[in-house]
Structures are given as structure tokens and as C-alpha cells.
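Got the viewer open? Load the model, switch on a cartoon view and keep the selection box handy.

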Amino acid sequence: MKEKLRNFMSGRYGTDQLNRFILIVVMAFLILDLFVRKNILLLPGLFLLGVCYFRMFSRNYSARYSENQKYLELKGKVTGKFKKEKYMMSQRKDFHIYTCPSCQQKIRVPRGKGKICVTCPKCHAEFQKKS
């Protein structure tokens with residue numbers, strides 16, 4: 001049986017990160033559909049499951065690969081924004097973050113230094129702030 005499955009899947013695309021994400025969304029739709037009485041999430045969930053199977057059994061490697069790359073690029077943009085915000089929040093306990101009034105560059109200044117003159121490293125504008 002294992003050999004038959006291996007022979008069937010040879011030359012087919014298989015699974016990737018986009019398929020895993022689609023399966024997670026399908027599972028979420030089906031679980032939420034248990035609590036909703038009108039089955040409005042069942043059809044989209046089954047449609048996405050069909051898309052997942054289509055991608056998995058497809059023989060068009062280049063199209064499926066490009067779809068996965070677009071997904072990974074979008075995922076990277078979204079997670080990058082969250083990582084940046086997490087980093088900024090961790091910096092705020094030790095530093096003040098000011099914006100240059102001239103060029104809008106963000107400048108990190110240590111806390112607890114009193115009133116200081118901040119020089120923008122980008123446009124060299126000077127302004128006074130309390131740290």
C-alpha cells in the first residue's frame with residue numbers, strides 16, 4: 001500500500017507551507033461551524049479543502065511553487081511588522097524614541113538623562129527633548 005501511494009504521488013507537487021496554512025484555516029472553519037447553526041462556514045471550508053487537494057495532487061510544479069513563494073513573501077511582510085513592533089515595545093522600557101521634525105527619522109535616546117539636545121543622524125537637525 002505504501003508503495004502504491006509513493007508511485008501515485010511521484011511527479012505530483014505534494015504539500016508545502018501554503019497547503020498547511022489552508023488546512024489550518026479549513027480546520028478553524030469546520031470547528032467554528034460546529035457552533036454556528038446555519039452551516040455558513042461549511043461550504044467555504046470544503047472549497048478550501050478542495051483547493052488544498054488540487055494543489056497537492058497537481059503536476060504543475062512551477063505554478064504551485066510560485067503560489068507558495070507569494071504566500072511566503074506576504075507572510076514575511078506581516079510577521080516582519082509584528083516583529084518590528086515587538087522589538088520597539090521592548091526598547092521603550094530603556095529608551096525614548098523620538099521622531100526628527102525635519103526628516104521623520106526615528107531616533108532612540110536613553111531614558112533618565114534629563115533635558116538633552118538630540119542631533120538627527122540623517123539630516124543633522126538639532127532639537128531639544130527630555131529623556
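Here is a short tour, one selection at a time.

Start by colouring by confidence. This is a predicted model, with a mean pLDDT of 90 for the protein and 100% of its residues at 70 or more. Helix H2 (residues 17–35) has the highest confidence, at a mean of 94, while H1 has the lowest, at 86.

Next, select H1, residues 2–9. Of its eight residues, the number that are buried is zero, so to speak a helix that is hardly covered. Just after H1 comes Gly11, and its phi is positive, near 85°.

Now add a surface and pick Leu5, Phe8, Tyr53 and Phe57: together they make a nonpolar surface patch of about 390 Å². Helix H1 and helix H3 (42–57) are the elements that give two or more residues to this patch. Zoom in on Phe57, which sits in helix H3. Is Phe57 buried or partly exposed? Its relative accessible area is 33%, which makes Phe57 partly exposed, because buried would mean under 20% and exposed over 50%.

Hide the surface and go inside. Show Tyr98, Cys100, Ile107, Val109, Val118, Cys120, Ala125 and Phe127 as sticks: these eight residues form the largest nonpolar core. Apart from that core lies another one of six residues, including Ile22, Cys52, Met56 and Tyr71.

Last stop: Cys100. What is Cys100 in contact with, leaving aside neighbours within four places in sequence? Select Gln105, Ile107, Cys120, Cys123, Ala125 and Phe127, and you have the contacts of Cys100 on screen.

Conventions
Residues numbered from 1 in each chain as written. Predicted model: local features only at pLDDT ≥ 70, side-chain atom pairs only at ≥ 80, totals over all residues. Heavy atoms only, no water. Patch = residues over 30% accessible without salt bridge, like charges linked within 9 Å, V, L, I, M, F, W, Y side chains within 5 Å. Areas by Shrake-Rupley, 256 points an atom, 1.4 Å probe, with all protein chains shown as cover. Salt bridge = Lys/Arg side-chain N within 4 Å of Asp/Glu carboxyl O. Helix = DSSP H or I, 4+ residues; strand = E, 2+ residues; numbered from the N terminus. Buried < 20%, exposed > 50% of the residue type's maximum accessible area, 1.4 Å probe, protein only. Core = buried A, V, L, I, M, F, W, Y, C linked by side-chain atoms within 4.5 Å. Contact = heavy atoms within 4.5 Å. pLDDT = per-residue confidence, 0-100.
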